[in-house]
Amino acid sequence: MAGGPEKCLSLIGFCLICLKMVTSKSLSAPEIPTIDQAYSKISNSITVEWATVPGATSYLLTAEDGDTVIETMVANSPGTVTGLKAATLYQITIRSISAAGRSQASPPKQAKTVLAAPVLEVSSPSPDAIHVQWEAVYMASGFSVSIMRANGLGRIWKENTTNTSLTFSSLDAGTLYTIKAYAWNANGIPGDDSTCNQRTSPHAPANIQVSFDSGTLKVTISWTPTEGAFNYTVMASGGSSELSCSTSFSSCTISSLQCGTEYLISVLASNDAGSSKSTSAVSLKTVACAPGRVTIQEDPHGHLSVAWPNVQLGDYYVAFVKSDDGLEVHCNTSLTQCNFLSECGFTYFISIFAYNKAGQSPLGDVFNYTTAPCCPSDIHPVFVSDDRIEIVWSPARGAELYETKAIDGYNVVECNDTTPACTLSALECNTKYKITVYSFSEVRGSNMSCTSQFITTAPCSPEIKNVSKDAFSVINVHWRSTNDDATYTVTAQGEKGLYRCSSTGESCTLAGLPCGSAFSITAVAETQAGRSLPSFSVPLEMAPCCPASLTVTQVTQSVINVSWTLGTGAQTYVAVLESQAGRSKCHTHENHCLLGCIRCGINYTVALKAISATGLTVDCAFQSYSSSICCPLGVKLYRLGPNGIRIYWQASRGSANYSTDLYGSKGIFTCAPSSSFSFCDVTEIPCGDVYTVMVSPVAETGLKLTFCPKKIYSVTCSGSTLGMVIYRGKRNAG
């Protein structure tokens, strides 16, 4: 059972082999075809014609030249063998092919391929000509070349030649032509032809127009279109530069032209055949360039000179000068220089344009020139002292800094500041200075043309040498002066006011200064330039004032009180009471003084001195004073009748008036005897009372002195009348 399948497969294979053998014996190969003719119309092929073979499904063409064999399968007659060599003799055979196989080769037949087509190179050397050129063709004896318009219009030109080039002339420019060429052999049999198209080159454009834009330095060129031109090229040659533009239209713009240049402009047309000749060049002069290397000078002051070199193509120039305040002026000239009026302190912006028929040059560099700053004006001092001068002025246009110089002939004092003011210090007093204020700018420096003015410093302070006082309290002040034509004023200043005197010399007198006052004395010099500083002060103390009044009062028989009003400036006082009998003195800081050891009934002289704190003394008052009469002695009371009492005393030497007073509880009883008596009677005095009795001298002024001693008496009653008078003792005055 294992070998069953293998036996079956072997049997199937055997059966198939047998079937194939039976089929092969039943089919036969096709008949051999017979070539009717073989010929060549194209240089790389031969066409074969034959009678059809029954049962043949295709045919095998074979071409042999001895070196190569080329086979081609075709379906029916005629058939063509391709890939052959031109002008070559081939042996051609054919086999028929069917399902049963292929036949034997037919009897050979010879055929020669025709000449190869010439390979053309065409060009248009000019607008009316086309040049045709080719390489030699194998076995060729001559060539035939024809030309006609590609659109079929017009005539056909045909030329035969044995050469390998040919030129057709009198053609239309810019026109497309079709060129056909073939070679023939010695038998006149033509070979393959070669066809190509060639356009003649165009004519150069006509009616060239040039339009120049001076503002943008562009030129637009236009022309009349020419036949057959595909593109136009414009060339602008000038100087060392060459610019161009291309377009398919009838105008073109070239930009970035250079100023001051003459350009030659030409236009050529082109197509696939080439370019036309350039047109006759058109000349274009652009605008001139703006001048460079401009020279600006200010000479003389107030005149601005602007100069520049000539520029190419410049016919004339216009120079514009604009100041920084907006004002603009200009100058039109064919020369290379212009002059303008200028002012100080301005910056001028200068532009120069060159002109020609093409227009205005482009804007070149803008130059600027700053004139020297203006000199300060309205210079005047606002403060002048002996060592300083403060000056101010109006701001100067264009000034960034001010330099002030003060010169006294040898020395120079300077100050620099950006503000229109300066304080010159460390100057000499009473000195004439030449003062100049220069304005300065960083661009132009200092304006050295500014004028000067003279200012004199205030006078020097005088020096007080001496202050003296005469017997009449007149103050003489002396000083030392170093000033010229100065007036001096001396001032005494104190709590009581100001006192002045003036002089052009070296001394003056102060009068009327109040006593008891302290003063500070200074001197000031004054000239047209101003006032000096005060001199160092000198103190002055006036003698103290005498009291306005002095009063002498007898306190006791031997003591008097001298009093006075206060004197200004007095710190202490000395009171002196003097007579032939003696002298009494007191020194006190108060305004009164008690002087003792006074003798009664004597004429005295009273003197008072006022003394200041520094010891200045003034004798103030001299007046006489008479001391009072001595108090009476031995005062006694006696009964006088029923209702009266007699007071008796012993009078002092000399005549005197007395006054008697009895003081009791029931009243005061007074009597005043005449100066010749030393007693006094009081009547109608009540009894039964105690009385104080005082007998006092009466001064010449009528003043009754009260410092005499008092006695006390008791008066009794006897019935309705006086009884006894009894002495009870003394009582102190008070």
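**Group meeting: salt bridges, a few residues and a small sheet**

Okay, let's start with Thr-683, which sits in strand β59, residues 679-683. By strand I mean a DSSP run of E with at least two residues, and strands are numbered from the N terminus. Before I go on, this is a predicted model, so keep in mind that local features need pLDDT of at least 70 and side-chain atom pairs count only at pLDDT 80 or more, while totals for chains, interfaces and linings use all residues. Residues are numbered from 1 along each chain as its sequence is written, and side-chain values use heavy atoms, with hydrogens and water left out.

Back to Thr-683. Is it buried or exposed? Thr-683 counts as exposed, at 52% relative accessibility. The cut-offs here: buried is under 20% relative accessible area, exposed is over 50%, and partly exposed is in between, with a 1.4 Å probe and protein chains only. Once you leave aside neighbours within four places in sequence, Thr-683 is in contact with Asn-643 and Gly-644, where contact means heavy atoms within 4.5 Å. Pro-642 is 41 residues away from Thr-683 along the chain, and their C-alpha atoms are separated by 9.2 Å.

Now for Lys-710, in strand β61, residues 710-718. Lys-710 is buried, with a relative accessible area of 8%. Its C-alpha atom is separated by 9.6 Å from that of Asp-661, and those two are 49 residues apart along the chain.

On to the salt bridges. How many salt bridges does a search of the whole structure find? Eleven. The criterion is a side-chain nitrogen of Lys or Arg within 4 Å of a carboxyl oxygen of Asp or Glu. I'll show you three.

One of them joins the side chains of Arg-199 and Asp-272, at 3.4 Å, N to O. This pair links distant parts of the chain, 73 residues apart: Arg-199 is in strand β15 (190-199), and Asp-272 is in the loop between β21 (262-271) and β22 (274-275). Arg-199 counts as buried at 17% relative accessibility, whereas Asp-272 counts as exposed at 54%.

While we're around β21, have a look at Ser-270, which is found in that strand. Ser-270 is buried, with a relative accessible area of 13%. What does Ser-270 touch, not counting residues up to four places away in sequence? Pro-202, Ala-229, Phe-230, Asn-231 and Ser-275.

Next pair: the side chains of Arg-480 and Glu-463 meet at 2.7 Å, N to O. Arg-480 lies in strand β41 (475-480) and Glu-463 in strand β40 (463-469), so this salt bridge ties together parts 17 residues apart in sequence. Arg-480 is partly exposed at 43%, and Glu-463 is partly exposed at 41%.

Then there's Arg-531 with Glu-526, a salt bridge at 3.2 Å, N to O. Arg-531 is partly exposed, with 46% relative accessible area, and Glu-526 counts as partly exposed at 35%.

Last stop, a sheet. It is an open sheet of three strands, in the order β48-β49-β52, with antiparallel pairing. Two strands pair if DSSP finds at least two bridges between them. Which are the edge strands? They are β48 (550-554) and β52 (592-595), each pairing on one side only. β48 pairs with β49 (560-564) in the antiparallel sense over five bridges, and Thr-551 stands opposite Ser-563 in β49.

That's it from me, thanks.

Key. Helices (H or I, at least four residues) and strands (E, at least two) are DSSP runs, numbered from the N terminus.
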